[in-house]
Amino acid sequence: MKRIYLDNNATTPLDNEVKQAIIETLDMYGNPSSHYELGRIARDKIEEARANIATFINASPDEIIFTSCGSESNNIVMKSMLCGQKCCPSSKIRSPKKFITSTIEHPAVLETAKLLACESVETVFVSVDKYGLVNEEELEKEINKGADLVSIMYANNEVGTIQPIKQFAQIAHKKGLLFHTDAVQVPAKLKIDVKDLDIDYLSLSGHKMYAPKGVGILYTKKGNTLCPLISGGHQEKGLRAGTENTIGIIAMGKAAEIAKRDQEQEIKKVKYLRDKLETGLLERIPKSFINGHPTLRVPNTLNISFSFIEGEAILYMLDHAGIEVSTGSACSSGSLDPSHVLTAMQTNTEHMHSSIRMSLGKYNTEEEVDYVLEVFPSIIEKLRKMSPFS
Ligand code: PLP
């Protein structure tokens with residue numbers, strides 16, 4: 001049976017051109033730090049990838065640090081607070097007092113924030129409204145009380161809500177705070193321009209932008225030095241030791257080049273398909289509800305709840321019909337706890353338990369959406385017939 005993949009927020013398939021770039025690189029084993037031909041070839045390829053990524057987000061190549069994933073990029077920025085100027089004289093983050101974030105961040109930020117709290121950093125979680133938008137008044141109030149670092153995600157992985165990052169960064173900068181955004185869910189969905197946003201740090205992950213798993217980047221605005229999370233060699237200007245993942249880096253550079261080239265068209269296509277799916281489901285299935293912002297939402301994401309049934313049951317039946325979706329975030333699936341994002345949005349309990357997330361990507365087609373619209377209503381009908389609540 002043909003599988004229909006609607007879980008691109010969990011991970012994206014490998015782009016065909018990226019796959020080709022990887023194949024061409026497989027025999028390139030030189031260590032990029034070596035001062036002979038094989039080393040130089042690897043180094044040149046890494047710098048080419050760095051330049052592509054810089055162009056993609058409107059940064060300078062020397063502001064791009066390669067990491068292993070989005071989680072690591074987030075960790076470097078946040079844990080720099082613990083090291084601060086004590087061990088790293090050049091670090092921008094001074095003796096840490098306070099870290100501000102939101103209640104709907106990815107666990108890579110939320111769990112790391114808990115670790116900061118264990119180390120006596122005051123950690124504040126700003127609330128969100130029913131659409132998942134961060135409460136700006138509350139954020140400004142916390143910023144005005146004084147802090148060191150603010151981290152607010154650009155787009156949420158579960159419901160897709162987009163935050164006014166530029167505005168938030170301005171509020172933080174007015175008080176001299178540094179601003180980080182987890183933009184892992186943004187490539188190929190929104191244009192990223194770090195200069196326009198005027199932010200200090202930004203995290204990206206390869207496997208959310210059609211590159212493989214095992215590579216990420218951290219944008220660090222010139223002058224905003226951090227402490228290394230992995231110390232050792234001089235790689236990545238001493239900020240991230242360890243021999244570079246040459247193949248992953250080249251793949252991510254290629255993915256950024258492709259995204260820059262194709263993103264405008266892809267965004268239009270994915271939005272058309274997502275909107276068709278959304279309108280079609282709402283029209284065909286009574287008592288269905290969208291979670292997330294009606295308009296300030298990344299164009300590929302549809303988080304939807306259906307009264308009287310469980311999300312897990314829907315997922316199981318869709319899987320049986322060849323359709324792959326998720327309930328809540330992939331990281332928390334497997335747990336029966338309701339999603340922390342929907343909880344923070346004060347979604348009603350019934351909708352929380354019946355929510356599923358469908359996230360489209362550039363390889364989805366209109367025929368796939370038509371097939372989903374054909375089979376979905378009967379699945380919900382069948383489950384509702386079995387439900388003691390309907
Ligand atoms: N941040 C967000 C918003 C994410 O969606 C994810 C992954 O789902 C991450 C961070 C973690 O990225 P990685 O899997 O590359 O560590």
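In the predicted model, a polar side-chain atom of His106 is placed 3.4 Å from an oxygen atom of the ligand. Two serine side chains also approach ligand oxygen atoms: for Ser71, an N or O atom of the side chain is 2.6 Å from an oxygen atom of the ligand, and for Ser205, a polar side-chain atom lies 2.6 Å from an oxygen atom of the ligand. The ligand taken alone exposes 390 Å², of which the protein buries 91%.

The shell around the ligand includes these three residues, His106, Ser71 and Ser205, together with Cys69, Gly70, Met153, Asn157, Asp182, Val184, Gln185, His207 and Lys208. By residue class, this shell comprises seven polar, three nonpolar and two charged residues.

The chain is assigned two domains: domain 1, covering 4-11 + 263-386, and domain 2, covering 16-258. Domain 1 is thus given as two segments, 4-11 and 263-386. Taken over C-alpha atoms, the centres of domain 1 and domain 2 are separated by 28 Å. Contact between the domains involves 31 residues of domain 1 and 33 residues of domain 2.

The protein also contains internal cavities, with two of 30 Å³ or more counted. The largest cavity has a volume of about 100 Å³. Its lining consists of 13 residues, among which Ala188, Lys189, Tyr210, Leu360 and Gly361 are the closest to the cavity centre. The lining of this largest cavity is made up of five nonpolar, four polar and four charged residues. Both domains contribute to the lining of the largest cavity, with at least three residues drawn from each of domain 1 and domain 2.

The second largest cavity holds about 50 Å³ of space. Its lining is formed by Asp15, Ala188, Met209, Tyr210, Ala255, Ile258, Ala259, Glu266 and Lys362. Six residues of this second lining are nonpolar and three are charged, while no polar residue is present. Ala188 and Tyr210 occur in the lining of the second largest cavity and are also listed among the residues closest to the centre of the largest cavity.

How values were computed. Residues are numbered from 1 along each chain as its sequence is written. This is a predicted model: local features need pLDDT of at least 70, side-chain atom pairs count only at pLDDT 80 or more; totals for chains, interfaces and linings use all residues. Side-chain values use heavy atoms; hydrogens and water are left out. A residue is near a molecule or strand if one of its heavy atoms lies within 4 Å of it. A polar contact is a pair of N or O atoms within 3.5 Å; within protein, one must be able to donate a hydrogen and the other to accept it, and residues adjacent in sequence count only if both atoms are side-chain atoms. Accessible areas come from the Shrake-Rupley method with a 1.4 Å probe; for residues, only the protein chains shown count as cover. Ala, Val, Leu, Ile, Met, Phe, Trp, Tyr, Cys and Pro count as nonpolar, Asp, Glu, Lys and Arg as charged, and the others, Gly among them, as polar. On a 1 Å grid over the protein atoms alone, a cavity is a set of points where a 1.4 Å probe fits but cannot get out, and a pocket is an open set with protein on both sides within 12 Å along at least five of seven lines; lining residues have an atom within 4 Å of a point. Grid points are joined across faces, edges and corners, and a volume is the space filled by probe spheres set on the points. Domain bounds come from an automatic or database domain assignment. Contact means heavy atoms within 4.5 Å.
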